[in-house]
Amino acid sequence: MIVAPSLLASNFLHLEAEARMLNESEADWFHLDVMDGRFVNNISFGLPVIQQIRKATNKLLDVHLMIEEPEKYTEAFAKAGADILTVHFEACRHLHRNIQQIRELGMVPGVAINPHTPVQFLQDILHEVDLVLIMSVNPGFGGQQFIPHTYQKIKTLRHRIDQLGLQVKIEIDGGVDLSNAKTLQDAGANVLVAGSAVFHAPDPKQVISSLKHCTD
């Protein structure tokens, strides 16, 4: 299991210390949610923050763009240090072109879908991406309750990926914690994004370890 703590739930006043804690933990990736106030009704952080986080870690930066017209900023995110760049199906007029652009700039391309978007809509792009991010809450804000229908979406998508013989990772973002980690893995997920469950815990490193070894 890959664990990608979401810095959206971290203490921004002590971001360097939060990055240090993740570096010392079993976390695999740093998950960075970028919001523009248009695609979602919230604004988070952008390129300057990602540039500084890049200096603070050698772990992969998993950048999740919840923004309109992501193609305008793809090169800038590559220069800022993003390793994985995920764009939303719902935000891209020319998704295939967007995915090609991400890969050509040396990043791993991912595609995200909102809770109401069927996984079947990704049929024609699965061969082009390395990762599918399934939103298990409505995007824009942390701390929301997990949407149970996500389990079926994961199973459907995992079946199709395996049927096609692809090596596409399934990432889950929203309401992930120790109570559902094993069920998510059993359904076919292999990347867990956890924000509040990690950063609001008394012992974040222990939570990360427990998420990573949820089947042990």
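1. Start with the register of β5 and β6. In this predicted model, V111 has V132 of β6 as its bridge partner. The two strands, β5 and β6, run parallel and are joined by 4 bridges.

2. β6 also pairs with β7. Strand β7 covers residues 169-173, and its pairing with β6 is parallel, over 5 bridges. For the register here, take M135: its bridge partner in β7 is D173.

3. Is β6 mostly covered or not? Strand β6, residues 131-135, is mostly covered, with 5 of its 5 residues buried. Look at the side-chain directions next. L131, L133 and M135 point one way from the strand. V132 and I134 point the other way. Both sets are buried.

4. Now helix α4, residues 95-104. Its buried residues are L95, N98, I99 and I102. Why do they line one face of the helix? Seen down the axis of α4, the buried residues fall within an arc of 95°, so they share one face. Note that N98 is listed among the buried residues of α4.

5. The other side of α4 reads differently in burial terms: R97 and E104 are exposed there.

6. What do the buried residues of α4 pack against? They pack against α3 (74-80), β4 (84-88) and β5 (108-113). β5 thus appears twice in this note: the buried residues of α4 pack against β5, and β5 is joined to β6 by 4 bridges.

7. One backbone point for the end of the helix. G106 follows α4, and its phi is positive, near 90°.

Definitions and conventions:
Residues are numbered from 1 along each chain as its sequence is written. This is a predicted model: local features need pLDDT of at least 70, side-chain atom pairs count only at pLDDT 80 or more; totals for chains, interfaces and linings use all residues. Side-chain values use heavy atoms; hydrogens and water are left out. Buried means under 20% relative accessible area, exposed over 50%, partly exposed in between (1.4 Å probe, protein chains only). The arc is that of the directions from the helix axis to the C-beta atoms. Contact means heavy atoms within 4.5 Å. Two strands pair if DSSP finds at least two bridges between them.
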